[in-house]
Amino acid sequence: METTLGVPAHGGGVLVRHPGATISLLGGVSRTSGLDVDLLVRRPADRRTALERQRDVRERRGDVPVGGVPVTGGPRVGWLDGDRVRPAHPVAWSSESGDREVGPHHRARYRLPPLFDEVRLVIAWTALDIPDAEVTLPLPDREAVARGTTPVWDAPALATPTARGSGAHGFGERPGAAPRPGVDEPGRVVAARRVLHRADHAVLVLDRLAVLGPDLLSLDLECLARGDVAREVTAAFPSGADDPGPRVAVLHGGVARTGHALRGSSSSGGDVLTCAREFALERHGDVVDLLVAWPAAGLGPALARIPLDRA
């Protein structure tokens, strides 16, 4: 987890659309230490039955989802430095195998050196016959990035602790089944990375908030703990069924609607713990009242009102 906030570098969108894969930009963050670019890669769904897949294996055609091209490797990502393409390598990634409705997909974060004003990304995937695609992305300037590169332990926290007994103190029931975004929907980033909630030894950071539709939001939340708190939370992770990670809900009409936790990860080393969670949230208009907490780390419920920029 990055321990500085940075400045939003791009709101996201589809970069490459090809029969074999769709490559989308989820967003980017500029810091004085470098530029982070988050990509989402989706492959077409494999709608064959189990018997059809077995038949294909017997015929020595391999496990080929669509179009006779096996899933091998992944896209090559780089940026233009003058006339030379410099390769970029992922520093974090996650993947899902998909199903017959939504194909396999993975997310990857690429870290580039500090870049300002604009970057020319180059994306290709040789195995799928996707040629080099050059995409120019506008970036914030050097002064804006310097102002925005603030440690998460020093930046002001947006959320305000809620009073016990108020409607915003408790987390409601999760409503129905988890919603699913469109197959190729990367979302549109509508809020800057910011600190939501913090105590002396724990912090919750809004990493990415994106609109996926008129009634659906995607939230990436990062959490960081240090010292004795980190060791206590680390010890709780394997011990029981309850997730000791953060909790999220949307407050609407006095009712807290718990977010759907879609995926997450955590890592610890010594006296530092980091974790990341992705949530699907209900959307009600162009302002979200976000209720957050991390009870295992001593962060009680707090409420943040977040306008959805360019929503």
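Colleague: What is the relative accessible area of E282, and how do I read that figure?
Modeller: Start with where it comes from: this is a predicted model in which local features need pLDDT of at least 70 and side-chain atom pairs count only at pLDDT 80 or more, while totals for chains, interfaces and linings use all residues. Residues are numbered from 1 along each chain as its sequence is written, and side-chain values use heavy atoms, with hydrogens and water left out. As for the scale, buried means under 20% relative accessible area, exposed means over 50%, and partly exposed is in between (1.4 Å probe, protein chains only). E282 has 22%, so it counts as partly exposed.

Colleague: Which residue does E282 meet in a salt bridge?
Modeller: A salt bridge here is a side-chain nitrogen of Lys or Arg within 4 Å of a carboxyl oxygen of Asp or Glu. E282 pairs with R257, at 3.1 Å from N to O. The two come from distant parts of the chain: E282 sits in strand β19 (residues 272-282) and R257 in strand β17 (residues 255-258), 25 residues apart. Strands are DSSP runs (E, at least two residues), numbered from the N terminus. R257 has a relative accessibility of 32%, so it is partly exposed.

Colleague: While we're at β17, which residues are on its covered face, and which on the uncovered one?
Modeller: In a regular strand the side chains alternate between the two faces of the sheet. In β17, A256 and T258 are on the covered face, and V255 and R257 are on the uncovered one.

Colleague: How many bridges join β16 to β17?
Modeller: Strands pair if DSSP finds at least two bridges between them. Here β16 (residues 247-252) runs antiparallel to β17, with four bridges. One of the partnerships matches L251 with A256 of β17. Two residues lie between the strands of this hairpin, where G253 has a positive phi near 60°.

Colleague: Back to salt bridges. How many does a search of the whole structure find?
Modeller: The count is 17. Take D132 and R76, whose closest N and O atoms are 3.7 Å apart. They too connect distant parts of the chain, with D132 in strand β10 and R76 in strand β5 (residues 76-81), 56 residues apart. D132 is exposed because its relative accessibility is 54%, and R76 is partly exposed at 48%.

Colleague: Are E222 and R109 buried or exposed?
Modeller: Both are buried. Their salt bridge has its closest N and O atoms 3.8 Å apart. It spans 113 residues along the chain, from R109 in strand β8 (residues 105-112) to E222 in strand β15. The pair also belongs to a network of salt bridges that links D38, R109, R193, D207 and E222.

Colleague: Which cysteines does the disulfide join?
Modeller: A disulfide is a covalent bond between the sulfur atoms of two cysteines. The cut-off used is a pair of cysteine sulfur atoms within 2.5 Å. This structure holds one, between C223 and C275, with S to S at 1.5 Å. The torsion about that S-S bond is about -110°, so the disulfide is left-handed. C223 is in strand β15 (residues 216-226) and C275 in strand β19, 52 residues apart. Both cysteines are buried.

Colleague: Now empty space. How many cavities of 30 Å³ or more are there?
Modeller: Rolling a probe the size of a water molecule over the atoms shows where empty space is left. A cavity is a set of points, on a 1 Å grid over the protein atoms alone, where a 1.4 Å probe fits but cannot get out; lining residues have an atom within 4 Å of a point. The search finds two. About 150 Å³ lies in the largest. Its lining has 15 residues, and G27, G28, V29, D207 and R208 are the closest to its centre. Strand β3 gives the most to this lining, four residues.

Colleague: What is the volume of the second largest cavity, and which strand gives the largest share of its lining?
Modeller: Its volume is about 40 Å³ (the space filled by probe spheres set on the points, which are joined across faces, edges and corners). The lining includes A9, H10, L25 and G28. Three residues come from β4, the largest share. By class, the lining has seven nonpolar residues, two polar and one charged. Ala, Val, Leu, Ile, Met, Phe, Trp, Tyr, Cys and Pro count as nonpolar, Asp, Glu, Lys and Arg as charged, and the others, Gly among them, as polar.

Definitions and conventions: On a 1 Å grid over the protein atoms alone, a cavity is a set of points where a 1.4 Å probe fits but cannot get out, and a pocket is an open set with protein on both sides within 12 Å along at least five of seven lines; lining residues have an atom within 4 Å of a point.
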